[in-house]
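Please read the following as a guided walk through one structure, taken step by step with the terms explained along the way.

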Amino acid sequence: MPQRGAIDLHTHSSVSDGTQTPGDLIRAASAAGLGTVALTDHDSTAGWDEAREAAAGTGLTVVPGMELSTNYGPASVHMLAYLFDPTDPAIVSETLKIREGRLHRAERIVEKISRDYGITWADVLAQSVDGGTIGRPHIADALVAHGVVADRSAAFQSILHWKSGYYEKYYAPSPLAGVRMIVAAGGVPVLAHPATHGRYRVIEDSAIRELVDAGLFGLEIHHRDNTDDGKERLFELAAKFDLQVTGSSDFHGEGKPNLLGENTTEPAVLEKLLAAGTGSRPFRG
Ligand code: AMP
Ligand code: FE
Ligand code: FE
Ligand code: ZN
């Protein structure tokens with residue numbers, strides 16, 4: 001079926017580090033005139049039902065998704081996953097393990113920060129929803145609430161920067177394990193914003209080939225954090241490995257300047273994605 005309206009395949013709600021509830025996010029996407037939006041909270045599918053309910057009657061198509069955390073050596077690599085079975089046991093247990101790891105890691109970061117600034121763990125919990133995926137953005141919000149920094153961006157440039165001395169890592173599977181898990185659950189994996197570090201190749205071509213062999217569907221090239229040099233290399237990789245090209249906003253509500261629909265995906269790519277995903281269905285509201 002042909003898709004109408006702009007297609008934005010990467011957004012976050014308050015289930016992870018977006019600032020709007022899934023319902024409000026869907027209403028904002030509809031108001032912004034999008035035709036299709038994917039909800040891709042970090043390591044959680046908890047917003048899917050509310051997003052579907054909110055889409056009813058809006059004409060908006062909702063693609064259920066997630067942004068899976070993976071670790072590649074010292075680097076945190078994000079893997080978008082669409083249309084997988086949210087009850088798949090491996091996905092359920094692995095994402096639970098990641099969320100629990102994130103929680104304890106955030107506690108360790110806050111413990112260190114609290115020696116120098118007046119925030120407590122309770123302040124951070126107050127910035128997140130029960131059972132949601134905790135990340136540095138919630139610590140940033142607590143720092144903003146205490147008047148330590150002006151906004152999330154300022155927090156990430158200083159106290160929450162990985163070089164700041166407060167940084168801690170958290171458990172996540174490898175990108176290859178992530179792709180395999182998503183594909184095994186009927187899902188479609190897309191490497192998120194892969195070129196945020198310019199010429200520095202976080203994932204070398206041989207490792208990308210392994211991901212392709214495991215079923216990687218595409219690369220999120222049209223994203224504000226990919227550098228121009230990086231995008232050039234990604235287009236070459238997409239041609240070489242016959243990968244699809246996606247584009248998206250990575251909207252986080254008030255948490256980031258990114259605006260819904262600021263980058264979009266071609267309708268033909270969405271058609272292929274919808275045909276490839278077998279673990280869950282898109283919802284046409
Ligand atoms: P974490 O996964 O806990 O390490 O935190 C990383 C998350 O913080 C990413 O998902 C981004 O959405 C968010 N983030 C990274 N840099 C910034 C920034 N400069 N401003 C706001 N949010 C950011
Ligand atoms: Fe985020
Ligand atoms: Fe990301
Ligand atoms: Zn994201």
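In sorting residues by class, Ala, Val, Leu, Ile, Met, Phe, Trp, Tyr, Cys and Pro count as nonpolar, Asp, Glu, Lys and Arg as charged, and the others, Gly among them, as polar. This is a predicted model, in which local features need pLDDT of at least 70 and side-chain atom pairs count only at pLDDT 80 or more, while totals for chains, interfaces and linings use all residues. Residues are numbered from 1 along each chain as its sequence is written, chains are lettered from A and ligands numbered from 1 in the order in which they are written, and side-chain values use heavy atoms, with hydrogens and water left out.

The metal sites come next, where donors are N, O and S atoms within 2.8 Å of the metal (3.2 Å for Na, K and Ca), and where sites may look incomplete because water is not among the atoms. The zinc ion (ligand 4) is held by H10 (NE2), H12 (NE2), E67 (OE) and D250 (OD) at 2.1 to 2.3 Å, and these donor residues follow the sequence spacing H-x1-H-x54-E-x182-D. E67 belongs to strand β3 (residues 61–72) and D250 to the loop between β7 (244–247) and α10 (267–276), so the pair ties together parts that are 183 residues apart in sequence; here helices (H or I, at least four residues) and strands (E, at least two) are DSSP runs, numbered from the N terminus. Both E67 and D250 are buried, a word that stands for under 20% relative accessible area, against over 50% for exposed and in between for partly exposed (1.4 Å probe, protein chains only).

At 4.4 Å from the zinc ion (ligand 4) lies the iron ion (ligand 2), whose protein donors are D17 (OD), H42 (NE2) and H252 (NE2), 2.2 Å from it. D17, in the loop between β1 (6–11) and α1 (22–31), and H42, in the loop between β2 (34–39) and α2, form a pair that links distant parts of the chain, 25 residues apart. D17 and H42 are both buried.

Enclosed space is the last topic: on a 1 Å grid over the protein atoms alone, a cavity is a set of points where a 1.4 Å probe fits but cannot get out, and lining residues have an atom within 4 Å of a point. The lining of the largest cavity has six nonpolar, no polar and two charged residues, and α2 gives the largest share of that lining, three residues. The second largest cavity is lined by N71, P74, S76, Y167, K169 and Y170, which divide into three nonpolar, two polar and one charged.

How values were computed:
On a 1 Å grid over the protein atoms alone, a cavity is a set of points where a 1.4 Å probe fits but cannot get out, and a pocket is an open set with protein on both sides within 12 Å along at least five of seven lines; lining residues have an atom within 4 Å of a point.
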